[in-house]
Every structure is written in C-alpha cells, then in structure tokens.
Amino acid sequence: MDFTSLVAAIGMQADPTTLAIMVLATFLGMIVGALPGLGTVTALAIVLPFTFVLSPTQAIGMLTAIYVSSVYGGSVPAILINVPGTPQSAATALDGYPMAQSGRAAEALGWVTVASAIGGIFSMIVLMFLAPQLAQVAVQFGSIETFALIVFSLTTIAWVSAGNPLKGLLAGLIGIVMSTVGIDALSGVERFTFGNFELSAGLHVVPILIGLFALSEVFASAAQPVSGVTGKVVSAGFKVAPLQEWKPVRKTLLRSSVIGTFLGILPGVGATAASLIGYAQARSSSDSAQSFGKGNPEGIVASEAANNAVTGGALVPTLALGIPGDAATAVMLGALVVHGITPGVNLFQGSPDLVNFVFVALLVANVMMLIVGALAAQMFSRVLKLPHALIMGGVVALSLAGSYVTRFSMVDLWVTVIAGILGLFLRFANVPLAPIVIGFILGQPFEESLRKGLIITDMQPLRFFNSPIAVLFFAITAAVVAWPLLAKARAARH
Amino acid sequence: MKQLVNSDTLLGGFFGLVALILLRSSYHSSDVFLLPGDAPPFLVAQLALYAVLALSLAILIKGVLRGGVAPGDIRWRPTFLMMALLLMTTVLFKMAGYLLIVPLAVAGCCLILGYRKPVPLVGLSVAVPVATYLLLVKFASLPLPTIPGLEF
C-alpha cells in the first residue's frame with residue numbers, strides 16, 4: 001500500500017467542490033434508485049454526459065456516489081410499498097415491508113441504511129487490498145492471455161446473467177459487432193460505416209447506454225404502463241436500532257458482506273443474486289428462521305449488506321483488469337475511459353493517486369449514503385408519489401441532451417433512439433441488455449488482443465494454447481458453459 | 001404464418017437477417033492492403049457475425065418449434081406513438097433547436113403516457129429542458145442546437 005498516494009487521494013477527496021458534487025449525487029442516486037423502473041445503470045447512463053465538464057476526480061466521485069446510493073435507494077420502495085426500486089432489493093421487501101406495515105418503517109430504513117453502509121465499506125476495504133494484488137498478477141498477461149481473459153469474462157457474463165444462455169451470448173456478440181463500427185485502427189479500413197463520415201469515428205458508449213437503458217424504459221412505459229403508487233405511503237423517518245440489537249445480527253452482517261464482495265468479483269453474478277444468497281444463508285443459519293418474511297431485521301441486514309458489498313467487489317476486476325463484472329461497472333469503466341483513464345495494470349503503476357482516489361471515494365460515498373439516507377428518509381414517501389409519466393418526461397429531456405453533447409453529433413442522437421427501440425424489442429424477447437454494453441466495451445480490447453495474438457503466433461490460433469494462463473481461462477470458460485448443460489442433461493435423465 | 005410468430009422467431013429472424021447483410025457488406029469491403037502478418041480488419045466482426053447468425057438460427061428454430069404465441073398485454077398504439085414522437089424529435093432536433101423541440105417532446109411523452117394535469121405537465125415540459133440547457137450551455141459551455149433566428 002502506497003501511503004503517499006493514499007494521502008494525496010484523501011487530499012483530492014477533501015476538495016469542497018468534489019464533496020458537494022458527491023452529496024448532490026448521493027441524493028440524486030437515492031431518488032433514481034427509489035423510483036421503480038429506473039435503476040443504477042439508468043442513473044449512471046443519464047448522468048454520464050454531464051460529467052464531461054467535471055475533472056476526472058470529480059466525475060469519479062459523482063459516479064461512485066450515484067453507483068452506491070442508487071443500489072441503496074432501491075430498498076426504500078421495497079420497504080414502504082413492497083415494490084423493489086431495483087431487482088437487487090427484492091429480498092429486502094420480504095422483511096422490510098412487514099416491518100413497515102407494523103409501524104416500524106423508520107426502524108426498517110435504519111437497518112437498511114446502516115447494513116448497506118457496512119457492506120459497502122467492507123467491500124471497499126477488500127477492493128483496496130485485492131485490486132492491487134490482482135493488477136500485479138495481470139502484469140504477466142500478454143495479448144493471448146488478455147484475449148483468453150476477455151473470452152472467459154464475456155462468456156461467463158452472457159451465460160450466467162441471462163435466463164436463456166443463447167440470448168445472453170447473442171447480446172454479448174451484438175455488443176462486439178457494434179464495437180467494430182468505424183475506422184479500423186490497425187489498417188485504416190472503414191467498417192460498417194456505409195459511407196457515413198460521422199460513423200467513421202465509431203459508435204460511442206454513452207448514446208448506446210442511454211438508448212438501451214433510459215429510452216427503452218420510456219418506450220416500455222408506453223407499452224406496458226407502470227401503475228403509480230395510489231394508496232397511502234407510510235411516512236418513513238429514520239431510526240437506528242440500539243447497539244444491543246445489532247449484536248445478534250453481526251455474524252449475518254459479516255457473512256453477507258463476504259458473500260456480496262465475493263460474488264461481485266465474479267463476472268456476471270451481480271447484486272440481485274448476492275442479496276438472495278445472503279438472505280437464504282441468513283435464514284438457514286438463523287435461530288429465528290421462522291420469523292423470516294414476517295419483519296425480522298436480520299433478513300433486511302442479510303439482503304442489504306450483500307447487495308451493497310457487490311459495489312466494491314465488482315470494481316476489483318474493473319480496476320485491476322479493465323474487465324467489468326456487471327452493467328453498472330461497465331458504465332463506470334466507460335466513464336473512466338471517457339475521462340482518459342484506462343483501468344488495468346498501467347493505471348496502478350502510472351496513476352496510484354487516481355486508484356487510491358477511487359477507494360477513498362467509495363468510502364466517502366458509503367458514509368454520505370448513511371448521512372443523506374438518514375436526513376432524506378422523511379422525503380422518500382413524497383418521491384414515491386411522483387407520477388411515472390412526469391419522470392419519463394424528464395428522462396426524455398435529459399437523454400436527448402446527454403446524447404447530443406457526447407460528441408455534438410446527430411449520429412449519436414440517432415444511435416440513442418435506435419438503441420432505445422432495439423432495447424424495447426430485446427426486453428420483449430427476454431434478451432438481457434447488460435451483455436450488449438459489456439460486449440461493446442470489451443469489443444475493442446478483444447479485437448486488439450486477438451489480432452496481436454495472431455501476429456505473435458504467425459496466424460496460428462492453436463498456438464494460443466501454449467500459454468498456461470490462457471489454457472486455464474479457456475478451461476474455466478468451457479467448464480462454465482458445460483456445467484449447466486451437463487446438469488440439465490442429468491436432471492432430464494433422472 | 002401467424003402460428004409461427006413469437007418473440008423468438010422475430011428475434012432470430014431479425015438478427016439472422018442483419019448478420020447476413022453485414023457479413024455480405026464485410027466481404028465486399030474486405031479487399032484491402034494488409035501489412036505482412038496482420039490479421040484482416042474484418043476478422044473479429046466476421047467471426048462475431050457468424051456466431052450471431054448461428055445463434056439467431058438456433059433461436060429461430062426454437063421459436064418455430066414453440067409455435068405462435070399471442071402477444072401479452074402490450075399497448076401497441078402508445079408504443080408506436082412514442083417511437084414516432086422521438087424519431088420526429090430527432091429529425092427536428094437541429095432544425096428547430098433544443099429549447100423548442102424538447103419541451104414539445106416531453107409534453108408529448110407525458111400525454112402519451114396518460115398524464116393530463118396541465119400545470120405540472122407544462123411546468124415539467126419547460127423546466128427540465130430549460131434547466132438542462134442552462135446547465136450544459138451556460139454553465140458548462142457545451143453547445144446545444146439553437147432556435148433559428150434566436151441565440152438560445
């Protein structure tokens with residue numbers, strides 16, 4: 001641990017403008033996370049173009065705060081109206097809503113906020129120690145190993161994150177094809193531009209993100225109306241349980257934090273699975289298992305510590321290897337690249353201050369979530385009453401402006417609208433959207449590493465198997481693909 | 001024919017067709033000068049497109065075997081109206097200017113989604129685009145298209 005750069009990072013974080021931006025972003029992230037239909041990725045996608053005017057550290061601070069607080073925000077409607085704002089808060093509703101119904105909504109929000117912050121801070125500490133070690137391992141990676149790593153990551157994300165693996169893989173491949181549009185950096189050949197000069201620069205990640213996640217949500221709202229909150233929403237408040245009530249749940253808190261962090265590191269698993277596994281583990285090992293689902297705070301702690309611990313875990317491969325673990329970290333990776341920061345081993349060696357700033361920002365974002373969550377709790381019941389149509393109107397205005405200012409190009413605006421329509425079609429066909437973004441972001445390093453690898457091996461791809469690290473990644477990829485198929489075949493036989 | 005329409009046949013058919021068109025286009029333009037030992041520029045795109053084609057066919061066959069499925073509870077008219085609204089907004093974005101076309105788009109979006117209260121509707125339609133404009137153009141100096149003849 002380089003303490004000099006850590007001190008420098010703390011200095012950067014202490015900048016009043018950065019802190020003010022992070023407070024605002026925390027508040028904004030909570031609201032967007034709390035609104036059903038929107039979520040972490042949509043929030044990050046809409047805000048991303050607005051970070052172009054900020055310095056890299058301010059942008060990282062803002063996006064980190066939104067990332068952390070929007071995951072937390074999803075739990076608010078889960079507790080108050082039994083509708084999770086984000087899928088990762090589904091398990092929170094199981095015990096949070098019964099607590100709110102019995103008049104303990106403020107207490108439930110207290111459990112959620114503190115458990116989320118502890119889970120997030122735990123994962124930040126793991127990130128701080130694990131990411132540099134992983135980056136050290138990655139020093140040994142050449143083009144062939146990088147190619148094998150990307151194949152492993154993309155396959156796993158597509159295979160694991162989707163209900164239907166074929167559709168997950170299709171989505172990842174669509175992303176790769178989209179990344180090849182524009183002038184080829186090695187040969188100067190134009191690819192899939194169809195004579196359009198503006199397409200020569202290639203597609204940009206921001207319009208694709210905004211279209212797939214934000215505009216497709218607007219179209220989806222038109223296709224299948226989201227019923228607003230009609231009944232009375234409990235006015236929440238905020239109350240932290242006394243310390244003695246935390247003692248019985250401390251094991252659950254730690255276990256869920258470990259589960260969330262570990263699952264966050266694995267590509268494609270994500271916060272939803274983490275919170276469900278954390279909840280199931282807590283229930284199976286609890287002395288009061290029969291009270292789970294009836295307002296047991298341990299259930300809330302299990303779910304929330306796990307889903308917020310994913311934030312730091314998912315950043316481990318993102319920062320150390322440049323491989324995002326899920327759609328949210330894919331957006332974070334895209335944002336870093338937009339700001340001229342390329343994650344990976346070079347970042348750890350060349351800009352340790354910036355790496356440490358990410359760690360510090362994650363810590364500060366979790367603390368801010370605790371403070372802003374406590375202060376803003378009373379306001380959540382009003383936010384949930386906002387008409388969905390007005391929210392979608394706001395999304396349209398921000399999406400169009402954000403897409404255009406990305407490169408001041410009408411092509412980007414067209415890409416946004418077309419991606420929105422495509423996103424709606426893919427939603428209807430049950431195709432996950434996250435692998436498209438991850439495929440798009442990893443498409444360029446995938447192509448570069450493959451082509452460099454082919455040059456090194458004299459155009460003989462079988463020589464890729466001479467690298468033990470590559471063989472290891474290919475073997476794990478094959479196992480990831482084969483395992484569910486074998487399990488399915490075995491189940492069918494029995 | 002109706003008995004074959006479901007999300008899988010549409011998905012497989014659409015992406016299969018797109019993959020074929022792009023593959024054809026890639027072979028038309030892949031006759032380029034290459035440095036010795038370099039891989040062809042369309043290599044990754046073509047590999048990915050062949051994989052897309054194979055997966056699309058698999059999904060298409062799966063869909064055909066599944067047979068026709070009546071679409072769920074989807075409101076087609078508002079969906080197409082919303083698409084038309086945003087496509088029209090994109091066409092007019094540069095010509096009409098951000099502060100003219102986007103408030104109309106926001107109002108149209110809210111109306112399509114069934115919101116009818118005039119004061120919040122007009123308030124939001126004006127407030128969000130104006131706030132975005134001030135933030136991006138005045139504060140951050142990022143230009144947005146202006147209304148013809150006016151400087152905003």
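This is a short tour of a predicted model with the chains A and B, stop by stop.

**Before you start**

Residues count from 1 along each chain as its sequence is written, while chains are lettered from A and ligands numbered from 1 in the order in which they are written. Because the model is predicted, local features need pLDDT of at least 70 and side-chain atom pairs count only at pLDDT 80 or more, whereas totals for chains, interfaces and linings use all residues.

**Stop 1: select chain A**

Show it as a cartoon. Chain A holds 22 helices and two strands; helices (H or I, at least four residues) and strands (E, at least two) are DSSP runs, numbered from the N terminus. Its radius of gyration, 22 Å, is close to the 23 Å that the globule rule gives for 494 residues, so chain A is as compact as a globular protein of that length. That radius is taken over C-alpha atoms, and the rule is 2.2 Å times the number of residues to the power 0.38. Along the principal axes, the C-alpha trace of chain A spans about 70 × 60 × 45 Å.

Of the 494 residues in chain A, 63% are buried. A residue is buried if 20 or more other C-beta atoms lie within 10 Å of its own, exposed if 12 or fewer, and partly exposed in between, with C-beta atoms placed from the backbone.

Now colour chain A by pLDDT, the predictor's confidence in each residue, from 0 to 100. The average for chain A is 87, and 96% of the residues score at least 70. Among the elements of chain A, the lowest mean (74) belongs to helix H18 of chain A, residues 380-383, and the highest (95) to helix H20 of chain A, residues 410-428.

**Stop 2: select residues 297-321 and 327-338 of chain A**

These are helices H14 and H15 of chain A, which pack at an angle of about 40° with their axes 10 Å apart. Axes are lines fitted to C-alpha atoms, for helices over the stretch in contact, and angles run from 0 to 180 degrees between N-to-C directions. H14(A) and H15(A) are therefore oblique to each other; angles under 35 degrees count as roughly parallel, over 145 as roughly antiparallel, 65 to 115 as roughly perpendicular and the rest as oblique.

Show side chains here: A:Ala314, A:Leu315 and A:Thr318 of H14(A) make the contact with A:Thr329, A:Met332 and A:Leu333 of H15(A). Two residues are in contact if their C-beta atoms, placed from the backbone, lie within 7 Å.

**Stop 3: select A:Val355**

A:Val355 sits in helix H17 of chain A, residues 352-376. Is A:Val355 buried or exposed? A:Val355 counts as buried, with 26 C-beta neighbours inside 10 Å. Leaving aside neighbours within four places in sequence, A:Val355 is in contact with A:Leu319, A:Leu347 and A:Phe348. For a distance to try in the viewer, the C-alpha atoms of A:Val355 and A:Gln378 are separated by 36 Å.

**Stop 4: select chain B**

Chain B has five helices and zero strands. Its radius of gyration is 23 Å, well over the 15 Å that the globule rule gives for 152 residues, so chain B is more spread out than a compact globule. Buried residues make up 34% of the 152 residues in chain B.

**Stop 5: show both chains**

Here, 55 residues of chain A are in contact with 59 residues of chain B. On the side of chain A that touches chain B, helices H9, H10, H19, H20 and H21 of chain A each supply at least two residues. Which helix gives the largest share of that side? H19(A) does, with twelve residues.
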